[in-house]
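Student: Please take one part of this model and go through it closely. I would like the strand pairing, with the cut-offs stated.

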Amino acid sequence: MSLSPSRITAVLGPTNTGKTHYAIERMLGYRTGVIGLPLRLLAREVYDKLVALRGPSVVALVTGEERIVPGRVQYWVCTVEAMPQDIGADFVAIDEIQLCADPERGHVFTDRLLNMRGRQETVFLGSDTMRGAIARLVPKTEFIRRDRLSELSYTGAKKLSRMPARSAIVGFSLEHVYAIAELLRRQKGGAAVVMGALSPRTRNAQVDMYQNGDVDFLVATDAIGMGLNLDVKHVAFSGLSKFDGRRMRQLMPNELSQIAGRAGRYMNSGTFGVTGEASALDPLVVDAIENHRFTPIKHLHWRNSRLDFRSTDTLLSSLQSPPDDPVLVKAREADDQQTLQALSALPDVLDRCHDGASVRLLWDVCQIPDFRKISGSDHVALMGQIFEYLHGRGAIPEDWLSKHIKRLDKVEGDIDALSKRLAFVRTWTYVTQRNGWVSNETYWRDEARAVEDRLSDALHGALTQRFVDRRTSILMRRLKQKESLVADVNSNGEVTVEGEFVGRLNGFRFQLDKNASEQEARTLRAAATQALQPEFRLRADRMYNAPDTEFDFTEQGGLMWGESAVGKLVAGADAMSPMIEVFVDEEAGAEVVQKVQRRLGHFMERKINAAFEPLIALGKDEAVNGLARGVAFRLVESLGVIPRSVIANDVKDLDQDARGMLRKHGVRFGQYTVYQQLMLKPAPTRLRLVLWSLQEGLDEFPEAPPAGLVTIPALVDAPKGYYPRAGYRLAGSRAIRIDMLERLADMIRSQDSRTGFEATADMLSITGMTFEQFADLMEGLGYAVEKGEREKQRPEPVVETVKEEAKEQGATDEKADAPDEASPEQVAEEAAEPEPAAPEAPEVETFYVFRWQSKPRPAKQPDRQARGKKPRREASKDKPKEASHRKPVPPRKEKPIDPDNPFAALMALKQKS
């Protein structure tokens, strides 16, 4: 054992005694120093403190997976395994020295206890249970006893639902930690998660979330017992046993004390207890923890550090060397020793280990931790490949390294997938930190670190998403503190309170987040109600001053402000005086309700006045009097369109002067409808249907037909009175626009409706129909339809030129009486001509004849047929009569029938009868 004449001090005591703080102050009193810490998480915490005190240019951080070494470094912060032993620092400190008794890592701490010294001062920090072992192994040590700064007391068992705020619940397996965190999310709004396997970046993000108060609970493994300083008031054990790498075992009282001591930092007292399935602590154990009295550590784990690198056999033999002090016990085989044994059995590896440098390189490779934990054989194979590259090429190939790192650079996936990738990338982070193992060290260190950081951020996000309901936690805390809450509403209507999404504001109605649970809903609604009060008033002011172009009504009577529904129309005293019902939450207040109602009233009043301006002018014109006044009233009452049959007697009694007064206001007296032409435009039609539906009390309002269509299909179960208000008249299976129907009536008026007529091209053009559709329309208007077929007339062949026609005509006149004489060539040509082809069959076309019936049949109602009912008319009248049912009169020889006249056969038959 190597001893140093420098001062050696052991600062021992329970948790929360300021031991680490004491060591940092002592180190900063020297020009150079090294401090070794048990976890890289804790190393990062101490590094950040020193950087804040002295700046990054003089502080180094060295762990297995992270290496930050500035050019003029003075102070080294390291994990115990990564402590540089040959720099000759003035000061050396080793924290948590009681880990010398740990079965897995104890041999490393024991080696530092025996061999690591500062030139001027060495400090060991840890539990008082190490006093006897240190005194025996390091005789000149000075001991300093530090008492706990606050009290620690046992509170027994508590359910998770009754766990006080600022509590840490400790679990000893990944599944246990996740289950507790999920339960706390549902009951308490969430929890931060801290485990030793987390990267420093993920761990710091989780701890910050707890320290900042975003969550009031922390779920952790026993990693929090290793010097992590957290604002914890209570520690609850969810179990009292753990797997130590080989077997399940009960935690010792000193281990429980190390974890429980995290409660109550500095001068604040703390408590500890149990929860879940953990049994109550034995009173003796409780007394030991509260009074910090534990059985002294009698044995330390040790492994020979003076290794023989002449060959793999001598190296393995030196690792098996026994200790020479009864306090020391030989450590069990660690992972690096097991990897060395496996690789030493491979012939390829033995062939390369022909000198001491090769054996030392092999040992360095074997010390790469098995972060992946897939299987022992997989780890050995990877170490063998790395050793082959380092020994054969002097460095790891960049393409091989790049392939492995880029394969892990994926931030998608759940917590387990991200955790596995993060564990895998730690291998390459460790490899790139070793000097000389890669060609471009700086690049690959940064590349591996960047991938680890991205995965760390993604893992933090996944942990937070799964185990933290941030909005419930934050809002509950603000509501309890009675702080003013600030709401923000984006362009999509999403409402955030204190940055947390709580729902949507549609106009003046708040809609709670659909994904909120029943417990969350109460908190979210309470927070939103308080925070949205100013927003309601500001929104009402903006709406009141908004132009009419921002408002509209729907075909179901809804009132819209932009894309938000803010009210609806309800029936009023008459069709053009609807009432308004606003959509405003009660929490907005009466002032907001009145302001919204007034603004919507102004909009609808101007909308009705603009759309029905000609109709309103007709109703207010005092010059329209007498019988014309009555017709005008009926027309206004019907919103500008009324079937003529409804007011037939009134129209019949109007003289020309009265008709003239009405025509000045654009009133047209059609054969079928009396209407104002301007009232057929799309805007008045759309509004008219909504107002008429309100007055009729319809549950569902029919929609206005698309603009520009002359005919539309008949609607199934259309409400009575719909077609006139839509500007159409039902005729057959389709409805035709009123103004186009009147134009068609004008065309038909010039035809002989008594004897029958065919549809002209103009009739088909204005209706946009085929012959069959037009026939159905005319039948719906009361016309008898007769269908027939005839031979289609072909046009006469046209002579090519007038000159040839004249020439042929002259030749015919000259040789009218002369016999035909043919030349021998013509005779031969005529003999060679083929026989004339058989005449082609005549092409047949269908035609329709329309005659007015004295009593028009009712229009087809598609709703009766759609419901499976038999039409009212007889089955024999379902199809139009075909002209072929009548036998045409044979043509007289002396007076042949004109084939171009479709009525010739009918007239001949009539004359014969």
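Tutor: The answer below starts with the whole chain, then turns to a run of hairpins, and ends with a sheet and a helix pair.

This is a predicted model, in which local features need pLDDT of at least 70, side-chain atom pairs count only at pLDDT 80 or more, and totals for chains, interfaces and linings use all residues. Residues are numbered from 1 along each chain as its sequence is written, and side-chain values use heavy atoms, with hydrogens and water left out.

The chain has 33 helices and 35 strands; helices (H or I, at least four residues) and strands (E, at least two) are DSSP runs, numbered from the N terminus. Of the 913 residues, 47% are buried, meaning under 20% relative accessible area with a 1.4 Å probe and protein chains only. Among contacts in the chain with a separation of 6 or more, 68% join residues 24 or more positions apart, where contact means heavy atoms within 4.5 Å.

Now the hairpins. Strand E20 (residues 494–497) pairs with strand E21 (residues 500–506) in the antiparallel sense over four bridges; two strands pair if DSSP finds at least two bridges between them. Glu-494 has Arg-504 of E21 as its bridge partner. Two residues lie between E20 and E21 in this hairpin, and Glu-498 takes a positive phi near 55 degrees there.

E21 also pairs with strand E22 (residues 509–512), again antiparallel and over four bridges. Arg-504 has Gln-511 as its bridge partner in E22. The hairpin of E21 and E22 has two residues between the strands, and Gly-507 in the turn has a positive phi of about 70 degrees.

A mixed sheet gives another view of pairing. Eight strands form an open sheet in the order E4-E3-E5-E2-E6-E7-E1-E8. Strand E4 (67–68) and strand E8 (142–145) are at the edges with a single partner strand each, so one side of each has no neighbour in the sheet. Inside this order, strand E6 (residues 91–94) and strand E7 (residues 121–126) pair in the parallel sense over four bridges, and Val-92 has Thr-122 of E7 as its bridge partner.

Last, the helix pair. The axes of helix H22 (residues 626–637) and helix H24 (residues 656–663) come within 8 Å and cross at roughly 40 degrees. The contact involves Ala-628, Val-631 and Ala-632 of H22 with Ala-658, Met-661 and Leu-662 of H24. Axes here are lines fitted to C-alpha atoms, for helices over the stretch in contact, with angles running from 0 to 180 degrees between N-to-C directions.

Terms used:
Buried < 20%, exposed > 50% of the residue type's maximum accessible area, 1.4 Å probe, protein only.
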